[in-house]
Amino acid sequence: MSATVLPTPSQAPNSPRPRRPFRLPQLGYSYPVVGVLMAAGIGGFAYVYQLVARGMGLVEVHFRFDPEPLTRAGWVIETHVVGAVSSFLLGLVILFLPKGTKMHRQLGWGWVVTMATTAATSFFIRENGQFTWIHSFTALVAVMLPMAVAAARMHYAKIHARFMTALFLGGAFTAGLFTFLPGRLMWETFFAAA
């Protein structure tokens, strides 16, 4: 009597794929780590902001939107701001979408373009013709963005995710926060002191 070998589900023609239970999308880092890093970034920013505001003698700072400083800044800075805001918003969406899907790849390429635009335009934004400490984020993006894309192309998903998460937290989130310090253009656009 001969034994009959049944095909495994992967070998069976036209067999439906088994349903996987819903799971939160995987990040390069875990959600608690990203949350702690973002909270630490906001806390650090608030502390530095308070020190700078005290040093400049600013009291009773309040929110108000005045686009005039931004519109007279020139096309390079306007392009930089559009790229930075787009990178931040796209990054937030991508962070919570399922990974590896067609939508993830399409939005990811959009994010790469907006981050590259933000980094490239920042080379032309200088204080008194000099680079400042915030340009270190530009160097970070210039080195890590191609590495993250290469990791994705070679299907090294964990390395890609870690690079992209670090770029989002460092390049889009942290650098973006520090553009709101007193005396900088975004502060003049969104805040005023009594």
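The legends below describe close-up views of a predicted model.

**View 1. Phe 65 and Phe 190 form a tilted aromatic pair.** Of the four aromatic pairs counted in this model, the one between Phe 65 and Phe 190 has ring centres 5.3 Å apart and an angle of 45° between the planes. Because Phe 65 lies in the loop between strand S1 (61-63) and helix H2 (68-71), whereas Phe 190 belongs to helix H7 (residues 185-190), the pair ties together parts that are 125 residues apart in sequence.

**View 2. Phe 180 and Phe 190 form a tilted aromatic pair.** Here the centres are 5.8 Å apart and the planes make an angle of 50°. Phe 180 sits in the loop between helix H6 (157-178) and H7, and its partner Phe 190 in helix H7, with their positions 10 residues apart in the sequence. Phe 190 is partly exposed, at a relative accessible area of 21%, and Phe 180 is likewise partly exposed, with a value of 26%. Together with Phe 65, these two residues make up one aromatic cluster.

**View 3. Helix H3 packs against helix H6 in a left-handed crossing.** The axes of H3 (residues 75-96) and H6 come within 9 Å of each other and cross at roughly 145°. On the H3 side the contact is made by Ser 87, Phe 88, Gly 91, Leu 92 and Leu 95, which meet Phe 168, Ala 172 and Phe 173 of H6. Sorted by character, the residues of this contact comprise six nonpolar and two polar ones, with no charged residue among them.

Terms used. Residues are numbered from 1 along each chain as its sequence is written. This is a predicted model: local features need pLDDT of at least 70, side-chain atom pairs count only at pLDDT 80 or more; totals for chains, interfaces and linings use all residues. Side-chain values use heavy atoms; hydrogens and water are left out. Rings of Phe, Tyr and Trp (its six-membered ring) pair if their centres lie within 6.5 Å; planes under 30 degrees apart count as stacked, over 60 as edge-to-face and the rest as tilted. Helices (H or I, at least four residues) and strands (E, at least two) are DSSP runs, numbered from the N terminus. Buried means under 20% relative accessible area, exposed over 50%, partly exposed in between (1.4 Å probe, protein chains only). Axes are lines fitted to C-alpha atoms, for helices over the stretch in contact, and angles run from 0 to 180 degrees between N-to-C directions. A crossing is left-handed if the near helix is turned anticlockwise from the far one by less than a right angle, and right-handed if clockwise. Contact means heavy atoms within 4.5 Å. Ala, Val, Leu, Ile, Met, Phe, Trp, Tyr, Cys and Pro count as nonpolar, Asp, Glu, Lys and Arg as charged, and the others, Gly among them, as polar.
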